[in-house]
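Q: Hey, I'm new to this one and would like a quick walk through it. Can you pull it up so we can chat?

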Amino acid sequence: MEVPIRIIGIDPGLRRTGWGIVETLGNSLRFVASGTVTSDAKADLASRLCQLHEGLSAVIHGHRPDEAAVEQTFVNKDAVATLKLGQARGIALLVPALAGLPVAEYAPNAVKKAVIGVGHGEKKQIHMMVKVLMPKAHFETDDAADALAIAICHTHHRQSATARAALAVR
């Protein structure tokens with residue numbers, strides 16, 4: 001008998017880190033929860049990273065996901081902003097790993113392709129398709145909607161990711 005798999009998708013950001021949790025069983029997909037962890041923009045970097053760590057830890061402790069998926073960063077023209085995003089992404093990878101969850105990573109284009117069918121698209125399209133795939137889903141921020149899209153992407157790719165991980169252990 002199959003059991004539902006609970007997946008947390010994480011959209012990392014230093015100001016706002018979105019999270020979204022879905023359950024998958026076979027081909028079915030069910031919305032569980034979503035939200036955003038924020039950090040105090042006036043605080044120093046280390047304090048902000050602590051805030052993200054504490055917030056994500058509370059979400060994982062409260063919702064008990066089985067697997068995690070994190071969006072990979074893209075490199076932009078502002079090296080300082082890219083570095084800060086990378087540090088926030090490190091927290092997004094670390095928290096589920098510390099909780100013992102397998103963590104998958106997906107490029108933004110892979111997330112878009114899994115949700116809207118093409119590798120390039122606007123946020124509005126992603127949000128609309130998240131609602132189509134999970135009519136009961138609700139999200140208050142773009143970051144939470146993006147995190148749900150990352151979780152959905154993982155539901156599409158998790159079997160191949162699990163198989164790759166098993167082969168790597170051999």
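Q: Let's go straight to charge pairs. Which residue forms a salt bridge with E23?
A: R6 does, and the closest N and O atoms of the pair are 2.8 Å apart. A salt bridge here is a side-chain nitrogen of Lys or Arg within 4 Å of a carboxyl oxygen of Asp or Glu.

Q: What does the pair tie together?
A: E23 lies in strand β2 (residues 16-25) and R6 in strand β1 (residues 5-11), so the salt bridge joins parts that are 17 residues apart in sequence. Helices (H or I, at least four residues) and strands (E, at least two) are DSSP runs, numbered from the N terminus.

Q: Before I go on, what kind of model is this?
A: It's a predicted model, where local features need pLDDT of at least 70 and side-chain atom pairs count only at pLDDT 80 or more, while totals for chains, interfaces and linings use all residues. Residues are numbered from 1 along each chain as its sequence is written, and side-chain values use heavy atoms, with hydrogens and water left out.

Q: Thanks. Are E23 and R6 buried or exposed?
A: Both E23 and R6 are buried. Buried means under 20% relative accessible area, exposed means over 50%, and partly exposed is in between (1.4 Å probe, protein chains only).

Q: Which residues are linked with them in a network?
A: R6, E23 and R30 are linked in a network of salt bridges.

Q: How many salt bridges does the structure hold?
A: Six. One of them brings together the side chains of E67 and R158, at 2.5 Å from N to O. E67 is in strand β4 and R158 in helix α5 (residues 142-169), so to speak distant parts of the chain, 91 residues apart. Both E67 and R158 are buried.

Q: Got another one? What does D146 pair with?
A: D146 forms a salt bridge with K123, and the closest N and O atoms are 2.5 Å apart. This pair also links distant parts of the chain, with D146 in helix α5 and K123 in helix α4 (residues 123-133), 23 residues apart.

Q: Why do D146 and K123 get the labels buried and partly exposed?
A: D146 has a relative accessible area of 9%, so it's buried. K123 is at 42% relative accessibility, so it counts as partly exposed.

Q: Switching topic. Which residues does UniProt list as "binding site" along with D11?
A: The unreviewed UniProt entry lists D11 and D143 for that feature. They are spread over 133 residues of sequence, yet they cluster in space, with a largest C-alpha distance of 6.2 Å. UniProt positions are given in the numbering used here, feature names are shortened, and annotations may be inferred rather than shown by experiment.

Q: Where is D11, and what is it in contact with?
A: D11 is in strand β1, and it counts as buried at 7% relative accessibility. Leaving aside neighbours within four places in sequence, D11 is in contact with R16, T17, G18, E71, D143, D146, A147 and I150. Contact means heavy atoms within 4.5 Å.

Q: And D143, where is that found?
A: D143 is found in helix α5. D143 is buried too, at 13% relative accessibility. Not counting residues up to four places away in sequence, D143 touches D11, R16, G18 and T36.

Q: E71 showed up among the contacts of D11. What does UniProt list E71 for?
A: The unreviewed entry lists E71 for "binding site". E71 is in strand β4 (residues 67-71) and counts as buried at 17% relative accessibility. Beyond four places in sequence, E71 touches I10, D11, P12, R89, Y106, P108, V111 and I150.

Q: Which residue does E71 stand opposite in β5?
A: Y106. β4 and β5 pair in the parallel sense over four bridges. Two strands pair if DSSP finds at least two bridges between them.

Q: In what order do the strands of the sheet come?
A: Five strands form an open sheet in the order β3-β2-β1-β4-β5, with mixed pairing. The edge strands are β3 (28-38) and β5 (103-106), each pairing on one side only.

Q: Last one: how many disulfides does a search of the whole structure find?
A: Zero, where a disulfide is a pair of cysteine sulfur atoms within 2.5 Å. As for cysteines, C50 is partly exposed, with a relative accessible area of 45%, and C153 counts as buried at 0% relative accessibility.
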